[in-house]
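Here's a quick briefing on a ligand site and the metal in it. Have a look at the model first, then we'll go through the contacts.

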Amino acid sequence: MNRIIKQLIFSVVSGVFVISYMNSNGNEKAEAVRSEPPVKEISGNRPAEPAAKEHPGKAVYIKYCLVCHQASGSGVPGMFPPLKKGSWVGKDPKELVLIITKGLSGKVEVNGEVYKSAMPPQAQLTDKEIADVLSYVRSDFGNSFKPVDVELVKKVRSGK
Ligand code: HEC
């Protein structure tokens, strides 16, 4: 009986030791991670801006375009053309609206590279989302083209 109690106490105590050892290890790791300097924030010369000031088309881009055209607009060689400088992003906004609403297939040449793939239509987007996302890609990734007006999107969409 005595032996069983001793055994019990021993296993409870050693259990507590193991748990506290594991915990302290975990904490050390967590602290080590936290104590690394946030390099980006320090090197930037202005504080991070509130999300509200970001281009409204950026969120649309992240949700509907990034998966193929990538975060930097670089695309994926041989698969998804880039949206960077030299791409079709500077074309007639009417054509761009049609690419979004109808999709695109066939030969696409960007910066000397040929893509023969297919982009599915993104017709689930509202007129405003299309205007925003096109204006965004025309203003980022090294592009500086005029924004696309929501009235134009409406017109192209209604076939007028
Ligand atoms: C499923 C992948 C996919 C998604 C999502 C997608 N695209 Fe594309 N996109 C493509 C492919 C593939 C092509 C080239 C089609 C071809 O080869 O005929 C293309 C072509 C383009 C082009 C013309 C070529 C160029 O690189 O300038 C533009 C502009 C474009 N996409 C913009 C967008 C925008 C804006 C979105 C988000 C609203 C979007 N795409 C979402 C795959 C995608």
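Which atom of the ligand does a backbone N or O atom of Pro82 lie 2.6 Å from? An oxygen atom of the ligand is the partner of Pro82. Keep in mind that this is a predicted model, where local features need pLDDT of at least 70 and side-chain atom pairs count only at pLDDT 80 or more, while totals for chains, interfaces and linings use all residues. Residues are numbered from 1 along each chain as its sequence is written, and side-chain values use heavy atoms, with hydrogens and water left out.

**Around the ligand**
- The ligand is surrounded by 28 residues (a heavy atom within 4 Å of it), and the closest are Cys65, Cys68, His69, Gly106 and Met119.
- Sorted by type, that shell holds 21 nonpolar residues, six polar and one charged.
- Helix 4 (66-69), helix 5 (93-102), strand 1 (104-110) and strand 2 (113-119) each put at least two residues into the shell; helices (H or I, at least four residues) and strands (E, at least two) are DSSP runs, numbered from the N terminus.

**Backbone contacts**
- Gly106 also has a backbone N or O atom 2.6 Å from an oxygen atom of the ligand.
- For Tyr115, a polar backbone atom is 3.4 Å from an oxygen atom of the ligand.

**The iron**
- His69 (NE2) and Met119 (SD) are the protein donors (N, O and S atoms within 2.8 Å of the metal, or 3.2 Å for Na, K and Ca), and they lie 2.0 to 2.2 Å from the iron atom of the ligand.
- This pair links distant parts of the chain, with His69 in helix 4 and Met119 in strand 2, 50 residues apart.
- Why octahedral? Because the six donor atoms around the iron atom subtend angles of 87 to 179°; six donors count as octahedral if opposite ones are over 155 degrees apart and all others between 65 and 115.

Terms used. Polar contact = N/O pair within 3.5 Å; in protein donor to acceptor, adjacent residues only side chain to side chain. Nonpolar A, V, L, I, M, F, W, Y, C, P; charged D, E, K, R; others polar. Tetrahedral: all angles 85-135°; square planar, octahedral: opposite > 155°, others 65-115°.
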